[in-house]
Structure formats: structure tokens, C-alpha cells
Amino acid sequence: MFESLRKNIQSVQDGITAGLHRLSVGEQRQAPVSPSESQVNLAAGSDLLQMYQTQWATMHHLAEQNAAAAEDLDTAITQLADECECQHSQMAEIHSLLAHLPNIMAQLHSMLATIGSMRGLFEEVEGGLLTLEDLDEELSLQEQILDLRLSLALAREKHTHHFNSLNSELKANHHAKMMMLENRKESERKEREKVFSEKFSEDLKNYKEQGHIKKRIPGAEEETSLKLEEVDLEQDSSELDDFLNEPA
């Protein structure tokens, strides 16, 4: 619209310029005036021309101002149109977002429900972890108890083996000592039997020779060393039998 107005103003300016140009050319081509016509005011045309030129200059200046204002207005309108277009696109985007708002709210509620369920799962997992820690501690204690029982069993077995070895050794020592004691008693018994047999043979010989047995008072050593229950008469009784079987 402003472009067409500027074109119209420019065409008016061109028309005025062409009219003034024709007017000046026509004045130059006029024939010489007669003396009767010399009374005409020739300066009136120049005044009219000056008025037209002044008006044209004013119109030209106004036209330039209008063109500059039109350009500024066109720039402002262009900026306003761009801003309106931007706001329109923003409003369209906002409208689109508002159209998706129910879906967003539904997704938000779904996410909140999921977060609530995840919180419950987290609590269950936390409880499971605490139970697992308790089981781990219980298993550790059971392992320690098993280790202690194993150590106790090993120590008991070791002490049992040591006790058995010591018992066997003590039994062997006791058996050896008992064998030594029995051997010593057997030797003492045989020695006593031998002494008693010798004394009996001597008494029997004396009885045969003298007709009586010499009574001997046994010494303290014989009383303590010889006892009747310790004398074994079943060892060698041939001499006693011979004595009893002899004729009177």
C-alpha cells in the first residue's frame, strides 16, 4: 500500500515537472510583443513559477518524509508481523502442549504409582537385606561353632590318643613290674623251699642217726622269713615217703 502511494506521489511530481518544463519552453517560443502589449507584467509568470517550484520542493520534501516514514512503518509492521507470527507459533505450541496435558497428567500419575510401588519394593529389598545380614551373621556363628567343635574334637582325639598311649604304656609298665614281682616272689619261694628242704633233709638225717630231732630255736630272721603257709610240701616228698615206709 505504501509502495503504491509513493508511486502516485512520484507520478504527480513528474507531471508537475513536465508542465513547468512545457510552460518555460512556450514562453521562450512566443513572438515579440507589440508596444501595446509591453504593459503586461512579465514577472507574474516567474512568481507563479517560483510558487510552483516552492510547492514542488515542499511536496518533494514531504514525499521524502512520507517515504521515510513509510519505510519505518513498513519495518515496524514487518517486525510486528514477525512477532505476531512468533507468538502465533508459540500459542499453537502451547495449545498443542495443553492438548497433551491430560496424557502428561496420566503419565505423571502412573509414574507416581510406579514410584510408590518401587518404594514398597525398596522396603522389601531393605528388609531382605537385613534378613540376609542376620543369616550371614548366623552362618558365621555356625561356622565358628563348627570350627570350635572340630578343634574340640581334634583336641579330644589328641588327648584320647595320648591317654590311650599313656594307658598302654602304664599297663605295659605295670605288667612288667608285676612280672618282675612275680618272678621275684617265685625266686624267693623256690629259695625258701630249697632252704626248707635242706633243713628237713638235715633233720631227717639227724633223726636217723641219733633217733631224735634236735630242737632248734628259729632266729628272728627265720621267723620273719619262713611261714607255714608259704611252705610247699608237694614239691619233693620222696624222702618223707621213704622214711614213713621204713620198718620199725
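Helices are DSSP runs of H or I with at least four residues, numbered from the N terminus. In this predicted model, Met105 belongs to one such run, helix α3.

The overall architecture can be read in these terms. The protein chain contains five helices and zero strands, and along the sequence the order of elements is α-α-α-α-α. Of its 248 residues, 4% count as buried. The accessible surface of the chain amounts to about 21700 Å², and carbon and sulfur atoms hold 60% of this area. Among contacts in the chain with a separation of 6 or more, 80% join residues 24 or more positions apart.

Two patches on the surface deserve attention. The first is nonpolar and consists of Met91, Ile94, Leu98, Leu101, Ile104, Met105, Leu108, Leu112 and Ile115, with about 820 Å² of accessible area together. Two or more residues of this patch come from each of α2 (43–99) and α3 (101–210). Helix α3 makes the greatest contribution, with six residues. Met105, a member of the patch, has a relative accessibility of 36% and therefore counts as partly exposed, since that class lies between the buried limit of 20% and the exposed limit of 50%.

The other patch is negative and is formed by Glu133, Asp134, Asp136, Glu137, Glu138, Glu143 and Asp147. Asp147 is located in helix α3. With a relative accessible area of 46%, Asp147 is partly exposed. Helix α3 thus holds Met105 of the nonpolar patch as well as Asp147 of the negative patch.

Key: Residues numbered from 1 in each chain as written. Predicted model: local features only at pLDDT ≥ 70, side-chain atom pairs only at ≥ 80, totals over all residues. Heavy atoms only, no water. Patch = residues over 30% accessible without salt bridge, like charges linked within 9 Å, V, L, I, M, F, W, Y side chains within 5 Å. Areas by Shrake-Rupley, 256 points an atom, 1.4 Å probe, with all protein chains shown as cover. Salt bridge = Lys/Arg side-chain N within 4 Å of Asp/Glu carboxyl O. Buried < 20%, exposed > 50% of the residue type's maximum accessible area, 1.4 Å probe, protein only. Lys, Arg positive; Asp, Glu negative; His and termini not counted. Charge placed at Lys NZ, Arg CZ, Asp CG, Glu CD. Contact = heavy atoms within 4.5 Å.
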